[in-house]
Amino acid sequence: MNDKSKPISEMSFEEAMAALEQVVSRLESGNAALEDSIDLYTYGTELKAYCETKLRDAQAKIEKITVGADGQASGATPLDVE
Amino acid sequence: MTTDGWGTTSSTGNAHEYTVSEISGALKRSVEDLFGNVRVRAELSGVKRAASGHVYFSLKDDKAVIDGVCWRGVASHLSFVPEDGLEVICTGKLTTYPARSKYQMVVEQMEPAGAGALMALLEERKKKLAAEGLFDPARKKPIPYLPSVIGVVTSPTGAVIRDILHRLGDRFPRHVLVWPVLVQGQGAAEQIANAIAGFNAIDGQGGLPRPDVLIVARGGGSIEDLWSFNEEIVVRAAADSAIPLISAVGHETDTTLIDYVSDLRAPTPTGAAEKAVPVRSELEATLYDLSKRLTLSKGRVIADRRDRLTALGRALPKPRDLLGLSSQKLDDLSDRLPRSLMAVVQTKTGRLNRLIGGLGTGQLRQGLQYRQERLKQQSARLQPAYARRLTILSDRLTAAGRMLDTLSYERVLDRGFAVVTNTNGDLVTVGASLQAGEQVQVRFKDTARAMIVGGAGTDNKPDQDGAPGMTASVSMQKDKKSTKTSGTKSVKKAGPKPAKDDGRQGRLL
């Protein structure tokens, strides 16, 4: 199962979502072996928790780059556009 | 002018003697007075930007050249970047530079000579960059589905950044880094290109997170306003960006060169925000749906298996049933075995009987009967055919008899002719054979009379068979009043007929 080759914490939200979708449809199809299906379910709940965290943590953070003498970004300061 | 050797100069009248500075100053005043405000249409060449910010160039047409300068204050507010080959209309004044015996135009306002000139320049540049493969679709990188950090290159003030941040907040709040730049005028292109390169230079180690996607944006404006985004330096920076880049310059109808090279073109800055992030509430709904199905499927995995086990157990047949079925089948077969043998015998017998039946006398008898039938038919047809033939022959005989009757010499006698015979009873056919005074027997229709032949016969050529000649003689004797010619005529008429008819009668019989 290629989804498991990558730790969940390294997945992008999109990857985790796709993996969860796959887990659900495999469980629903009833084709998974009984032993596998328990593992699958556990994996699915982990994916779900990860996706929920990703969604919940979404917060706007607006910063303005400050440019150093070399023309490169030297830092950032909060930007208030209103 | 003449000289007389040592220092004496003969003056050329009362002309004023200028110093170089004086004459140069006078010239400068004249030029500046006379050309204090002029408009010049020219082609730019030798454009050079000094460190001071001033821009030096030549204005030329096909025959002449004037140096030009654009002081920093003016140059930084130009709506486009002056470059070689561009046709422009300059407004300003002419002035001189006395230290170098030069004059030049100080340009206070410069604009491209019509949009056509800019478009031509744009088209040419586009072709050049396309030839390098910068616009190749294969170069385009996919935009990440849900970026964690979004880098925005635009003006830090104004509607554009506000629109982008608003739309991002509505859909999916993210960490946004804004790289402030000028979006038009002098230096804008350099700043934009530097910002794109700067974002790419962030490696995420020095406290600043590296953006997952870039948005380069600007609001709507004239082609000159948007010109910075057509500059080669900007296009190349965008092409070199390792971070996927969304361009959103001007309105939907405006297309600048950065739009061709970007990985995704958004019609507006708001559109760029929409393409950068998905809608969080929709994702939450999808996740909720998936987790519900996950929970449901957990119980179902066990329940489904139990159900299937029960169903399979129920479907297992009982041993007695298995035996019973076989024994019933055996009974059935045992029953059918003798009967099937009988059926075979019956079939064979039937076939044999049919074959024997075919061998009987029936067919012979049938053949005979058929032939008898045909004989009878033929006989029946024979009788009428024979009768019909007889009738035909009899009818023909009757007709022939009637014809014979019609044509017999007696019928000729009816019509006034007579038959002459000599005393021997022989038929006289040749008149010349009769002697004068010879007695002949003349037979008429009703009776025969004896007659004596008169004088010599007259020659009667046409009647060579003789008999008519005789008849003619007789007729002459018989009808003495008729002239010779008339008599001959009458003979001629009647003569041939009996001979001819004789032939016909012969044929008939």
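These legends go with close-up views of a predicted model.

**View 1. A closed five-stranded barrel in chain B.**
Going round the barrel, the strands come in the order β1-β2-β3-β5-β4, and their pairing is mixed. From one strand to the next, the twist averages 50 degrees. Zoom in on β1 (residues 38–49) and β2 (residues 55–60) of chain B: these two run antiparallel and share five bridges. For a handy landmark, look for B:Lys48, which sits opposite B:Tyr56 in β2(B).

**View 2. An open three-stranded sheet in chain B.**
Here the order is β11-β12-β13, with antiparallel pairing. The edges belong to β11 (419–421) and β13 (448–452) of chain B; each has a single partner strand, so one side of each has no neighbour in the sheet. Ignoring direction, neighbouring strands in this sheet are turned by 30 degrees against each other on average. Three bridges tie β11(B) to β12 (residues 439–443) of chain B. In that antiparallel pair, B:Val420 has B:Val442 in β12(B) as its bridge partner.

**View 3. B:Trp179 and B:Phe199 meet edge-to-face.**
Searching the whole structure turns up two aromatic pairs over all chains, and this is one of them. The ring centres are 5.2 Å apart, with 75 degrees between the planes; that counts as edge-to-face because the angle is over 60. The two residues are 20 apart along the chain, with B:Trp179 in strand β7 (residues 175–180) and B:Phe199 in helix α5 (residues 188–201) of chain B. Both ends of the pair are tucked away: B:Trp179 is buried at 2% relative accessible area, and B:Phe199 is buried at 0%.

**View 4. B:Arg280 over the ring of B:Phe172.**
In this view, B:Arg280 lies over the face of B:Phe172, and the distance to the ring centre is 5.9 Å.

**View 5. A salt bridge within helix α1 of chain B.**
B:Lys28 and B:Glu32 bring their side chains together at 3.4 Å, N to O. They are four residues apart in α1 (residues 20–34) of chain B, so about one helical turn separates them. Both count as partly exposed, B:Lys28 with a relative accessible area of 25% and B:Glu32 with 27%.

**View 6. Salt bridges that link distant parts of chain B.**
The structure has 16 salt bridges over all chains; two of them are picked out here. In one, B:Arg125 and B:Glu231 have their closest N and O atoms 3.5 Å apart. B:Arg125 is in helix α3 (residues 115–131), while B:Glu231, 106 residues away along the chain, is in the loop between β8 (213–218) and α6 (232–240) of chain B. B:Arg125 is buried, with a relative accessible area of 8%, and B:Glu231 is buried with 8% too.
In the other, B:Arg167 pairs with B:Glu274, with 2.0 Å between the closest N and O atoms. This one joins helix α4 (residues 159–171) to helix α8 (residues 269–276) of chain B across 107 residues. B:Arg167 is partly exposed at 28% relative accessibility, and so is B:Glu274, with a relative accessible area of 32%. Elsewhere, B:Lys128, B:Glu132, B:Glu232 and B:Arg236 are joined into one network by salt bridges that share partners.

**View 7. A:Asp80 on chain A.**
A:Asp80 sits in the segment after β2 (73–78) of chain A and is exposed, with a relative accessible area of 62%. Its C-alpha atom is 8.3 Å from that of A:Glu63, which is 17 residues away along the chain.

Terms used: Residues numbered from 1 in each chain as written. Chains lettered and ligands numbered in written order. Predicted model: local features only at pLDDT ≥ 70, side-chain atom pairs only at ≥ 80, totals over all residues. Heavy atoms only, no water. Pairing = 2+ DSSP bridges. Axes fitted to C-alpha atoms, helices over the stretch in contact; angles between N-to-C directions. Phe/Tyr/Trp six-rings, centres within 6.5 Å; stacked < 30°, edge-to-face > 60°. Buried < 20%, exposed > 50% of the residue type's maximum accessible area, 1.4 Å probe, protein only. Lys NZ or Arg CZ within 6 Å of the ring centre and 35° of its normal. Salt bridge = Lys/Arg side-chain N within 4 Å of Asp/Glu carboxyl O.
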